[in-house]
Amino acid sequence: VILLVRRLSVRWLVPFLCIQLLIGSIALYQQATTKPATIRLAQAITGLPASATIFTDEEERQFLMARPDATIVPIGSVSKWRAEPKSQEVYLTGRLLKRLRAADVPIEVTEVFRFTSDPRFEPEDAEARLYRMILR
């Protein structure tokens, strides 16, 4: 990169630096003003009924910060999922649903919330979903 900059004349270097500054400024503004998808999902659960039980994979801390009175159940394994009692209002996160489906757990859900953020800033958490389990 340094060799490339040395070879550029001043008339090419100034526009190059201006474009870099513009792109960097836009990205910095986006990162500073847009909340991550998991934080927006945690804020959205405040509107769920008080009787709701939320099963999650990794988002427990964010959910408890947004709604300390909520029933948040972290699920570390499929056997724990099967052992947990289910209430009438059961919600689960997208990551947990993906893991349960990978383990061939039969489950029917409907999507309640879906939030996305820029994968450049949040590569692991670029998408956060919450599903409601359909009990039969």
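This is a conversation about helix α3, the salt bridges and the largest pocket of a predicted model.

Reader: Let's start with helix α3; which of its residues are buried?

Author: In this predicted model, helix α3 spans residues 37-44, and its buried residues are A37, T38, L41, A42 and A44.

Reader: And where do those sit around the axis of α3?

Author: The buried residues cover an arc of only 160° around the axis, which puts them on the same side of α3.

Reader: What covers them?

Author: The cover over the buried residues of α3 includes helix α4 (60-66) together with the strands β4 (109-116) and β5 (127-133).

Reader: Take Q62, in α4; is Q62 buried or exposed, and what does Q62 touch?

Author: Q62 has a relative accessible area of 19%, and because the cut-off for buried is under 20%, Q62 counts as buried. Leaving aside residues up to four places away in sequence, Q62 touches T38, I39 and A42, and of these T38 and A42 are among the buried residues of α3.

Reader: Changing topic, how many salt bridges are there?

Author: The count comes to 9 salt bridges. One of them joins R99 to D57, with the closest N and O atoms 2.9 Å apart.

Reader: Which parts does that pair tie together?

Author: R99 lies in helix α6 (residues 94-102), while D57 is in the loop between β1 (53-56) and α4, so the pair ties together parts that are 42 residues apart in sequence. As for its surroundings, R99 has 29% relative accessibility and counts as partly exposed.

Reader: What about E89, which residue does its side chain meet in a salt bridge?

Author: The side chain of E89 meets that of R132 in a salt bridge, at 3.0 Å from N to O. This pair also links distant parts of the chain, since E89 is in the loop between α5 (78-83) and β3 (90-93) and R132 is in strand β5, 43 residues apart.

Reader: Are those two buried or exposed?

Author: E89 is buried, with a relative accessible area of 17%, whereas R132, at 30% relative accessibility, counts as partly exposed.

Reader: Which residue does E127 pair with, and which strands are involved?

Author: E127 and R114 form a salt bridge through their side chains, at 3.1 Å from N to O. E127 lies in strand β5 and R114 in strand β4, so the pair ties together parts that are 13 residues apart in sequence. Both count as partly exposed, with E127 at 38% relative accessibility and R114 at 47%.

Reader: What network are E127 and R114 linked in?

Author: A network of salt bridges links E127 and R114 with E111 and R129.

Reader: Now the largest pocket; how much space lies in there, and which residues are closest to its centre?

Author: About 260 Å³ of space lies in the largest pocket. Of the 15 residues that line the pocket, G94, R95, K98, E127 and R129 are the closest to its centre. E127 and R129 also belong to the network of salt bridges with E111 and R114.

Reader: Which elements supply the lining, and what classes of residue does it have?

Author: At least two residues of the lining come from each of α3, α6 and β5, and α6 gives the largest share, with 5 residues. By class, the lining has 8 charged, 4 nonpolar and 3 polar residues.

Definitions and conventions:
Residues numbered from 1 in each chain as written. Predicted model: local features only at pLDDT ≥ 70, side-chain atom pairs only at ≥ 80, totals over all residues. Heavy atoms only, no water. Buried < 20%, exposed > 50% of the residue type's maximum accessible area, 1.4 Å probe, protein only. Helix = DSSP H or I, 4+ residues; strand = E, 2+ residues; numbered from the N terminus. Arc of directions from axis to C-beta. Contact = heavy atoms within 4.5 Å. Salt bridge = Lys/Arg side-chain N within 4 Å of Asp/Glu carboxyl O. 1 Å grid on protein atoms, 1.4 Å probe; cavity = no way out; pocket = protein on both sides within 12 Å on 5 of 7 lines; lining within 4 Å. Points joined across faces, edges and corners; volume = space filled by probe spheres on them. Nonpolar A, V, L, I, M, F, W, Y, C, P; charged D, E, K, R; others polar.
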